[in-house]
Amino acid sequence: VQLQASGGGLVQAGGSLRLSCAASERILSINDMAWYRQAPGKQRELVASIESGGGTNYADSVKGRFTISNDTANNGVSLQMDSLKPEDTAVYYCHVDYFDFILQMTRNSWGQGTLVTVSS
């Protein structure tokens, strides 16, 4: 499974962006999908995740500002980012954890990343 992330760009502080992540094929057994980010000089961190049952989890730094949701039309996931801050500047990566029925094992895949820059 390949993931394609899009929607990044340059936005002023207080603005909004919506990131999308589309899978190359329908995934029958998703455990969870998530967005991570990596700022320059920092480790990659979890931003938000959504389980197959719809449960969500957010980093404390984005709670109340970001919303993750399933994008069934694109076999993927979206991230609505509101009230953006300069510290949200990073490359954002989507990730999927799923069960491969052919190989009979859990696998995961990363998207290529999309850059979000928030100016002050």
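1. Let's start on the surface of this predicted model. Look for I102, L103 and M105: these residues form a nonpolar patch, and together they have about 340 Å² of accessible area. To find the patch by eye, begin with L103, which sits in the loop between β9 and β10 (105-110). L103 counts as partly exposed because its relative accessibility is 47%, a value that falls between the 20% and 50% cut-offs.

2. Stay in that loop for a moment and look at Q104, which also lies between β9 and β10. The phi angle of Q104 is near 55°, a positive value in a residue other than glycine. Is Q104 buried or exposed? Its relative accessibility is 53%, so Q104 counts as exposed.

3. Another residue to check for its backbone angle is S83, in the loop between β8 (76-81) and β9. Phi of S83 is near 50°, again a positive value in a residue that is not glycine. S83 counts as partly exposed, because its relative accessibility is 41%.

4. Now for the salt bridges. How many does a search of the whole structure find? The search finds five. One of them joins the side chains of R37 and E45, with an N to O distance of 2.7 Å. The two partners are worth colouring by accessibility: R37 is buried, with a relative accessible area of 6%, whereas E45 counts as partly exposed at 35%.

5. A further salt bridge pairs R65 with D88, at 2.8 Å from N to O. This pair links distant parts of the chain: R65 is in the loop between β6 (56-58) and β7, D88 is in the loop between β8 and β9, and the two are 23 residues apart. Both R65 and D88 are buried. If you display R37, E45, R65 and D88 together, you will be looking at one network, joined by salt bridges that share partners.

6. Compare that with K63 and D60, which form a salt bridge whose closest N and O atoms are 3.1 Å apart. Here D60 counts as exposed, because its relative accessibility is 65%.

7. Next, the pockets. The largest pocket has a volume of about 250 Å³. It is lined by 13 residues, and those closest to its centre are I27, I30, N70, T72 and G76. Which strands should you highlight for this lining? Strands β4 (30-38), β5 (45-51) and β7 (66-71) each supply at least two of its residues. By type, the lining of the largest pocket divides into five nonpolar, five polar and three charged residues.

8. The second largest pocket has a volume of about 190 Å³. Its lining includes V1, the run E25, R26, I27, L28 and S29, then Y98, F99, D100, F101 and I102, and also R107. Strand β9 (residues 90-100) gives the most to this lining, with three residues. The lining of the second largest pocket divides into seven nonpolar, one polar and four charged residues.

9. Two residues are good landmarks for connecting these views. I27 is among the residues closest to the centre of the largest pocket, and I27 also lines the second largest pocket. I102 belongs to the nonpolar surface patch, and I102 lines the second largest pocket as well. Try selecting I27 and I102 as you move between the pockets and the patch.

Terms used:
Residues are numbered from 1 along each chain as its sequence is written. This is a predicted model: local features need pLDDT of at least 70, side-chain atom pairs count only at pLDDT 80 or more; totals for chains, interfaces and linings use all residues. Side-chain values use heavy atoms; hydrogens and water are left out. On a 1 Å grid over the protein atoms alone, a cavity is a set of points where a 1.4 Å probe fits but cannot get out, and a pocket is an open set with protein on both sides within 12 Å along at least five of seven lines; lining residues have an atom within 4 Å of a point. Grid points are joined across faces, edges and corners, and a volume is the space filled by probe spheres set on the points. Helices (H or I, at least four residues) and strands (E, at least two) are DSSP runs, numbered from the N terminus. Ala, Val, Leu, Ile, Met, Phe, Trp, Tyr, Cys and Pro count as nonpolar, Asp, Glu, Lys and Arg as charged, and the others, Gly among them, as polar. Patches are made of residues with over 30% relative accessible area and no salt bridge: like charges are joined within 9 Å, nonpolar side chains (Val, Leu, Ile, Met, Phe, Trp, Tyr) within 5 Å. Accessible areas come from the Shrake-Rupley method with a 1.4 Å probe; for residues, only the protein chains shown count as cover. A salt bridge is a side-chain nitrogen of Lys or Arg within 4 Å of a carboxyl oxygen of Asp or Glu. Buried means under 20% relative accessible area, exposed over 50%, partly exposed in between (1.4 Å probe, protein chains only).
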